[in-house]
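Reader: I'd like to work through a model with you, one feature at a time. Where do we start?

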Amino acid sequence: MTLLELESVTASYGPVQVLDGVSLSVPEGGAVGILGANGAGKTTTLRAISGTVRAGGRILFDGSDIRGKRPDQVAALGIAHVPEGRGTFGALTVRENLRVGAYLRRDRKQIESDIDFLLELFPNLEERFKSNASALSGGEQQMLAVGRAFMAKPRLLLLDEASLGLAPSTAKTVYDAIAELRRESGIAMLVVEQNANLAFRLVDSATVLETGRSVLSGTSAELRGMDEIRRAYLGG
Amino acid sequence: MGQFIQLVVDGLSNGSIYAVLALAIVLVNQATGMINFAQGGMAVLSAYVTWRLVEAGLPLIVAILLAVLASFIVGGLLERFLMRRFERGDPDTAVVVTIGLLTLITGVCGWLWTYNNQQFPSLFPLHTVRIFGAAVSVRSIGTFLAIVAIMLVVQALFLGTKLGLALRAVAINPESAAFSGLPVGRLLMAGWGLAAALGAVAGALVAPQLTLTPGMMDTALVYALAAVILGGLSSPVGVVCAAWLIGVLENLAAVYVHFIGYDLKVAVPFILIFVVLIVRPQGLFGRKVVVRV
Ligand SMILES: Nc1ncnc2c1ncn2[C@@H]1O[C@H](COP(=O)(O)OP(=O)(O)O)[C@@H](O)[C@H]1O
Ligand SMILES: [Mg+2]
């Protein structure tokens with residue numbers, strides 16, 4: 001079953017068109033990567049899905065077009081966006097950040113047990129539970145950002161460059177933790193990443209964007225096998 | 001000794017006026033990230049509305065409740081149709097807009113109801129009781145207690161309720177808040193509405209003491225801002241304590257420090273601010289914000 005389907009999606013900032021036909025699909029419970037150079041339109045693709053930029057084409061979630069919905073309405077449908085730069089609430093504690101993530105939920109008991117589950121998976125956050133998010137390290141903040149999204153119990157998680165600004169070893173730890181979260185929760189993920197090696201720790205397949213267009217897609221194994229992918233996104 | 005206690009009591013009474021305005025400023029700031037300089041003006045406007053309703057024959061308490069309700073709505077509309085245009089832009093512009101709004105509201109009040117002093121009825125009886133040899137008006141005690149109650153409500157709202165958490169989250173990062181499903185626009189309107197409603201209560205509490213004029217809150221606003229800085233923007237209890245401290249210290253300084261006297265006592269809170277900010281930049285009660293990259 002396809003959960004999310006983008007068909008020839010376009011988007012512009014003012015007069016400048018930056019997406020020019022992005023197509024991809026994410027199966028229920030699957031994890032798909034969006035690879036591409038800086039400025040290719042990866043972030044804009046996620047923003048089109050979550051309703052932060054206006055899009056053309058079709059964006060089908062669970063079979064119906066969600067274009068034109070406000071970000072909070074998209075969130076209510078079960079899509080949680082972890083933005084580039086993490087977007088944690090700096091002046092709120094770790095606990096409060098997670099509570100905000102669960103804003104739409106009414107099942108208080110289950111919220112608490114989901115927090116416990118998350119802290120078990122991301123033990124760093126447990127140690128910093130009562131600290132302000134702004135006091136966390138970059139890797140911890142990224143885990144918190146993912147945790148905030150997880151607390152909404154989404155069906156699809158949009159993850160934008162979780163490795164940004166992290167040391168390589170930290171970035172790996174973060175990706176492995178998210179992969180673990182994926183295995184445990186079964187949440188489908190659409191993962192933007194410049195570093196393909198990192199992305200493949202988490203995703204099963206990927207689409208490559210070039211100047212606002214999807215030019216290629218395939219399973220991780222297929223893409224790893226292609227010379228041009230290796231040269232462009234895998235460091236040789 | 002009698003004089004000292006009298007000064008402290010009067011100081012607490014003045015401080016309560018600054019405190020209630022400071023609370024409204026904290027509320028808007030926690031809910032939208034802005035400092036609303038028009039908060040005092042909005043409180044004056046609601047006080048005038050209350051006064052007109054009383055003149056029209058309504059009981060005072062009913063008039064106050066109606067003004068609070070009207071202020072909630074007007075506050076929300078102001079956010080939606082005026083401030084929203086400036087929220088995402090330059091914060092300095094937004095501040096200038098609120099200062100413009102203050103001037104506008106003051107002008108409108110003067111135009112509608114003249115700049116003459118109007119007698120505003122008091123919620124509390126006017127007689128005084130003696131406490132430790134000081135004459136304390138029942139009105140001051142009532143105002144003081146009302147402010148303690150409001151402070152606790154605001155503190156509980158922000159720290160103990162889901163609505164409060166949502167309001168703070170929206171102020172800090174509206175985009176992420178929306179990604180978690182928070183109705184950002186409605187929450188911003190609610191933040192301004194609640195602060196305006198609180199301002200209406202403030203107006204009704206202090207108008208009897210200050211007598212109602214369009215500029216009634218001008219001085220109080222300066223002190224309230226001092227209290228906000230001193231107490232820390234994130235702490236309702238902090239700003240109220242700071243407001244009382246300012247009220248008491250300025251009274252004591254006026255009498256006991258000769259070169260200050262009544263003419264210079266307005267400088268007291270600012271000297272206090274300089275000293276505190278040098279020692280504790282986050283304010284007396286504010287939480288320290290540590291930023292690590
Ligand atoms: N807010 C914006 N306003 C105008 N142009 C933008 C904005 N955000 C991104 N762009 C432009 O859109 C293009 C795609 O950007 P983006 O989606 O952020 O790429 P990526 O995430 O792949 O690095 C870039 O050329 C970028 O300069
Ligand atoms: Mg990007």
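Reader: Is A:Glu84 buried, exposed or partly exposed?

Author: Bear in mind that this is a predicted model. The class comes from relative accessible area: under 20% is buried, over 50% is exposed. A:Glu84 comes out at 39%, so the residue counts as partly exposed.

Reader: Which protein atoms are the donors of the magnesium ion (ligand 2)?

Author: For a metal site, look for N, O and S atoms within 2.8 Å, and remember that water isn't among the atoms, so a site may look incomplete. Here the protein donors are OG1 of A:Thr43 and OE of A:Glu84, at 2.0 to 2.2 Å from the ion. The two sit 41 residues apart in the chain: A:Thr43 belongs to helix H1 (residues 42-50), while A:Glu84 is in the loop between strand S6 (79-82) and helix H3 (94-101).

Reader: Now the interface. How many residues does the contact take from chain B and from chain A?

Author: Start with the head count and the area. Chain A puts in 34 residues and chain B 23. About 2300 Å² is buried between them, with carbon and sulfur atoms giving 57% of that.

Reader: How many salt bridges does the rule find across the interface of chain B and chain A?

Author: Two. One pairs B:Glu175 with A:Arg47, whose closest N and O atoms are 3.2 Å apart. Polar contacts get their own tally: six residue pairs between chain B and chain A.

Reader: And which helix gives the most to the side of chain B that touches chain A?

Author: H6(B), with six residues. By class, that side of chain B has 12 nonpolar, seven charged and four polar residues.

Methods. Residues are numbered from 1 along each chain as its sequence is written. Chains are lettered from A and ligands numbered from 1 in the order in which they are written. This is a predicted model: local features need pLDDT of at least 70, side-chain atom pairs count only at pLDDT 80 or more; totals for chains, interfaces and linings use all residues. Side-chain values use heavy atoms; hydrogens and water are left out. Contact means heavy atoms within 4.5 Å. Buried area is the accessible area (1.4 Å probe) that two parts lose on being put together, summed over both. A salt bridge is a side-chain nitrogen of Lys or Arg within 4 Å of a carboxyl oxygen of Asp or Glu. A polar contact is a pair of N or O atoms within 3.5 Å; within protein, one must be able to donate a hydrogen and the other to accept it, and residues adjacent in sequence count only if both atoms are side-chain atoms. Helices (H or I, at least four residues) and strands (E, at least two) are DSSP runs, numbered from the N terminus. Ala, Val, Leu, Ile, Met, Phe, Trp, Tyr, Cys and Pro count as nonpolar, Asp, Glu, Lys and Arg as charged, and the others, Gly among them, as polar. Donors are N, O and S atoms within 2.8 Å of the metal (3.2 Å for Na, K and Ca); water is not among the atoms, so sites may look incomplete. Buried means under 20% relative accessible area, exposed over 50%, partly exposed in between (1.4 Å probe, protein chains only).
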